[in-house]
Amino acid sequence: MDTSKLFRLDGRVALVTGGSRGIGKMIAAGFIAQGATVYVSSRKAPACDETAAELGDKCISLPADVSTVEGCRDLAAKMAEREQRLDILVNNAGAAWGAPFAEFPESGWDKVMDLNVKSPFFLTQALHPLLKAAASHEQPAKVINITSIDGLRLNPWDTYSYHASKSALIYLTKRMAAELVKDAINVTSIAPGAFASEMNRAARDHGDAVAKRIPAQRIGVDEDMAGTAIFLASRAGDYVIGDTIAVDGGVVNASLGGSIDA
């Protein structure tokens, strides 16, 4: 048994939505370090361009708005113009919305549910031919959905559609996995806890305070997220299908109570 290349991604092509910043950028950088070519996509072209320039020649900017089905299909078409196959898709683009129960707006419901649940499904559907072209039982293609520990347990905030969307995506991951494994495409999800990002400003701006409520006594860092994504994307994770891995310092599975901002 040779384990020296278990986590390598040499020659593989990946697409990371929401890849210009935060968790998406952490994952993109990790994949590139393991030898992959990574397309980073988000709505803002300058942000994608800046990230591609920072991460080097193996990072390619591919701006797109995946908040609609049309946008998902447009991104898939752009990928098909550039690549004949797609080894790894990371559905990371997402949104959150908070408002008191009595005031929670329909717009905050629809925006979050569309981007967090609908878009991962329809982007994967649109990219299915490219994923299938890369896939074999010896080397499956991978779809990694970025969910949240808020899909596994409650937090005290009024983020109703976010909670619902991440729970839905965790179960959608299982259902998609059951279908796509037939084509040697493995679908999994990562449920992050507290990582510093624009979406998680509490961890970004008050990391020390948040860390006190985490069993591991710290917030997540880039290597924590990249390491889990590399595991799932590489040969090391080929036998993990349909599962969700909580990357949260123990909040979900090793906590005796309380909550954090995540």
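This tour moves through a predicted model, beginning at one helix and ending at a separate segment.

**Helix H5.** Select residues 160–180, which make up helix H5. This helix has 21 residues and reaches 30 Å from its first C-alpha to its last, close to the 30 Å expected at 1.5 Å a residue. Next, colour its buried residues, among them Tyr-162, Leu-169, Ile-170, Met-176 and Leu-180. Display the surrounding elements as well: the cover over the buried residues of H5 includes helix H4 (106–134), strand E5 (141–146), strand E6 (185–192) and E7.

**The aromatic pairs.** The whole structure holds 3 aromatic pairs. For one of them, select Phe-101 and Tyr-160, whose rings meet edge-to-face at 5.7 Å centre to centre, with 70° between the planes. Phe-101 sits in the loop between strand E4 (88–91) and H4, 59 residues from Tyr-160. Now add Phe-104, which also forms an edge-to-face pair with Tyr-160, at 5.7 Å centre to centre and 85° between the planes. Because Phe-104 lies in the loop between E4 and H4 while Tyr-160 belongs to helix H5, this pair ties together parts 56 residues apart in sequence. Phe-101, Phe-104 and Tyr-160 form one aromatic cluster.

**The surface.** Which of these residues are buried or exposed? Phe-101 is exposed at 68% relative accessibility, Tyr-160 is partly exposed at 31%, and Phe-104 is buried at 17%. Switch to a surface view and select Phe-101, Trp-109 and Tyr-160, a nonpolar patch with about 350 Å² of accessible area together.

**Ala-254.** Finally, select Ala-254, located in the segment after strand E7 (244–247). Ala-254 is exposed, at 53% relative accessibility. Its C-alpha lies 9.2 Å from that of Ile-214, although the two are 40 residues apart in sequence.

Notes:
Residues are numbered from 1 along each chain as its sequence is written. This is a predicted model: local features need pLDDT of at least 70, side-chain atom pairs count only at pLDDT 80 or more; totals for chains, interfaces and linings use all residues. Side-chain values use heavy atoms; hydrogens and water are left out. Patches are made of residues with over 30% relative accessible area and no salt bridge: like charges are joined within 9 Å, nonpolar side chains (Val, Leu, Ile, Met, Phe, Trp, Tyr) within 5 Å. Accessible areas come from the Shrake-Rupley method with a 1.4 Å probe; for residues, only the protein chains shown count as cover. A salt bridge is a side-chain nitrogen of Lys or Arg within 4 Å of a carboxyl oxygen of Asp or Glu. Helices (H or I, at least four residues) and strands (E, at least two) are DSSP runs, numbered from the N terminus. Buried means under 20% relative accessible area, exposed over 50%, partly exposed in between (1.4 Å probe, protein chains only). The expected span of a helix is 1.5 Å times one less than its number of residues. Contact means heavy atoms within 4.5 Å. Rings of Phe, Tyr and Trp (its six-membered ring) pair if their centres lie within 6.5 Å; planes under 30 degrees apart count as stacked, over 60 as edge-to-face and the rest as tilted.
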